[in-house]
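Work through the exercises below with the structure open. Each task is followed by a solution in steps.

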Amino acid sequence: MTKTKLPIFMAALTILSGSLPARAEEPDVATQIVDVMNKVFGVHPGFRANHAKGVVVEGSFTATPEAAGLSRAAIFTGAKIPVTVRFSDSTGVPNIADGSPQANPHGIAIKYHLPDGSETDMVTNSLHFFPVATGEQFRDLLTAISQSPKDAAHPTALDKFKESHPTVAAALATVHTPDSFADEEYFGVNAFIFVNKAGTKQAVRYQITPEKLVYLDPKAAADKKPDFLIDELPSRLKAGPVTFHLKAQLAAPDDQTKDGSKPWPADRKVVDLGVLTIDKAVPDSLEAQKKLLFLPGALTDGIEQSDDPLVDTRDGAYAVSFSRRNP
C-alpha cells in the first residue's frame, strides 16, 4: 500500500474496530450515504448496504509486458497473482431478482494477493461512468430516491434531481442485464495514476472485458429465475475457467481525473494489462462474502490515487457497511 493511502486506510481500520469516540456532530458523508441506503433498501443484518447479493469465486491474474511498462506495481510483473473475486447485483436487497432492472449495475470486485503477503483491490461495475461527481451528490441522489415513492406526485424529488443532474440518466442508460456475470463488461469509474520504474505517471481508468458480451432484453431477463446469475457462474466453472481482460484507458495530458461522471473521449488509447482467469467457486460463498472488504483506495506501490474525491468517500462508506454487517 502506498504511503499516501496509509492515513485513509488506518482511518477505515479505526472505524472497523469501533474505537472512534462518540461525536455529537453530523456524521460524515460516507456514513450518511450508508444511512440513506439502509433507508432506501432496508436493513438486512449480515449484508452490504449496497451490492448485497453476490457470489465469491477465485482465480489468478497474469499481466502483459505492456502493463509493466506503465506501472511498477507487483500485480504487473507477469507473475501469476492469486485473486479473490466477488460478482454482485446492485441495491442493498439480498434477495433481489437477478433479472430485475434494479439489479443493474452489476459489479466485480477483485482482491489481488501479492507475493509479499499484502493485498490490493479493484472495485468496478457495469456503469460506463458514474451518475454524479461527488459523495455529496451521491448522497443527495439516494435521498431523492428515498423521497420519491411510486405514488408520489410528479415531479418527484428524483425527477427534479435528474433534471438538474443529466449525467444520472446518461449513466443509467449504459447498463443492461447480462446472461451471465461472465458475459458482462465492467468499468472503473474513478481515475488512478500508474507510476512505472522510471517514475513516469499516467492517469488511467480500468475496463474489464469478457470473451463475449451477451445482454438480455428486459422481458427475457424478467422471465429468468430469481437467482439465475448467482447460480450460473459456479455451474459454468465446472466446465472450465472463465477469462476476462483487464484493460486501462489512458488519459491524455489535458483529460480531467477528478470527476467520474465525465467519461474520457472514446478515442483514447486502451492498453491490455493482462488476463483475469476465474477457475473456482468458493464453497460457502454467502459466508465468505460477509468477511470480505474491498476498498478502491487499498493501493500498492506503482498505483496512486488521483484527485477524484469519490475514492475516499467509497472507502469510508465500504468500511462503515463492513462494520455494520460484522458488529
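**Exercise 1. Pairing within a helix**

Task: In this predicted model, find how arginine 236 and glutamate 232 meet, and explain the pairing from their places in helix 8.

Solution.
Step 1. The two side chains form a salt bridge, at 2.8 Å from N to O.
Step 2. Helix 8 covers residues 228–237, and the partners sit 4 residues apart in it, so about one helical turn separates them.
Step 3. Check the surface. Arginine 236 has 25% relative accessibility and therefore counts as partly exposed. Glutamate 232, at 21%, is also classed as partly exposed. The cut-off for buried is under 20%.
Step 4. Follow the shared partners. Asp183, Lys212, Glu232 and Arg236 are joined by salt bridges into one network.

**Exercise 2. Two further salt bridges**

Task: The structure holds 16 salt bridges. For the pair aspartate 259 and lysine 262, and for the pair arginine 139 and aspartate 140, state the N to O distance. Then classify each partner by accessibility.

Solution.
Step 1. Aspartate 259 and lysine 262 bring their closest N and O atoms to 3.9 Å. The limit for a salt bridge is 4 Å.
Step 2. Aspartate 259 is buried, at 11% relative accessible area. Lysine 262 is partly exposed, at 48%.
Step 3. Arginine 139 meets aspartate 140 at 3.0 Å, N to O.
Step 4. Arginine 139 has a relative accessible area of 18%, so it is buried. Aspartate 140 reaches 33% and is partly exposed.

**Exercise 3. A buried charge without a partner**

Task: Locate glutamate 185. Which side chain of opposite charge is nearest to it, and how far away is that side chain?

Solution.
Step 1. Glutamate 185 belongs to the loop that links strand 5 (177–178) to strand 6 (186–187).
Step 2. Glutamate 185 is buried but makes no salt bridge. Lysine 247 is the nearest side chain of opposite charge, 8.0 Å away.
Step 3. List the surroundings. Beyond four places in sequence, glutamate 185 touches Ser126, His128, Ile208, Pro210, Leu213 and Tyr215.

**Exercise 4. Two buried loop residues**

Task: Place glycine 302 and histidine 106 in their loops. Are these residues buried or exposed?

Solution.
Step 1. Glycine 302 lies between helix 9 (285–290) and strand 12 (303–305). Its relative accessibility is 2%, so it counts as buried.
Step 2. Set aside neighbours within four places in sequence. Glycine 302 then contacts Ser71, Arg72, Ala73, Ile193, Phe194 and Val195.
Step 3. Histidine 106 lies between strand 2 (81–88) and strand 3 (107–113). Histidine 106 has 0% relative accessible area, so it is buried.
Step 4. Compare sequence with space. Histidine 106 and lysine 290 are 184 residues apart in sequence, with 18 Å between their C-alpha atoms.

**Exercise 5. Two covered helices**

Task: Check the spans of helix 2 and helix 10 against 1.5 Å a residue. How many residues of each helix are buried?

Solution.
Step 1. Helix 2 has 13 residues, 29–41. Its first and last C-alpha atoms are 18 Å apart, close to the expected 18 Å.
Step 2. Helix 10 has 16 residues, 310–325, which should span 22 Å; its end C-alpha atoms are 22 Å apart, in agreement.
Step 3. In helix 2, 10 of 13 residues are buried, including Val29, Ile33, Met37 and Phe41. In helix 10 the count is 13 of 16.
Step 4. Helix 4 (135–146) and helix 10 are among the elements that cover the buried residues of helix 2.
Step 5. Glycine 42 follows helix 2, with a positive phi near 85°.

**Exercise 6. The cores**

Task: Which members of the largest nonpolar core touch the most other members?

Solution.
Step 1. The largest core has 45 residues, and the members in question are Phe76, Phe87, Tyr112 and Leu273.
Step 2. Take tyrosine 112. Beyond four places in sequence, its contacts include Phe61, Ile75, Val83, Met122 and Leu246.
Step 3. Another core, of 25 residues, lies apart from this one; Met37, Val132, Ala171 and Leu310 are among its members.

**Exercise 7. Confidence**

Task: Where does the pLDDT fall below 50?

Solution.
Step 1. Start with the chain. Its average pLDDT is 93, and 93% of residues score at least 70.
Step 2. Residues 1–22 are below 50. Beyond near neighbours in sequence, this stretch has 30 contacts in the model.

Methods
Residues numbered from 1 in each chain as written. Predicted model: local features only at pLDDT ≥ 70, side-chain atom pairs only at ≥ 80, totals over all residues. Heavy atoms only, no water. Core = buried A, V, L, I, M, F, W, Y, C linked by side-chain atoms within 4.5 Å. Buried < 20%, exposed > 50% of the residue type's maximum accessible area, 1.4 Å probe, protein only. Contact = heavy atoms within 4.5 Å. pLDDT = per-residue confidence, 0-100. Expected span 1.5 Å × (residues − 1). Lys, Arg positive; Asp, Glu negative; His and termini not counted.
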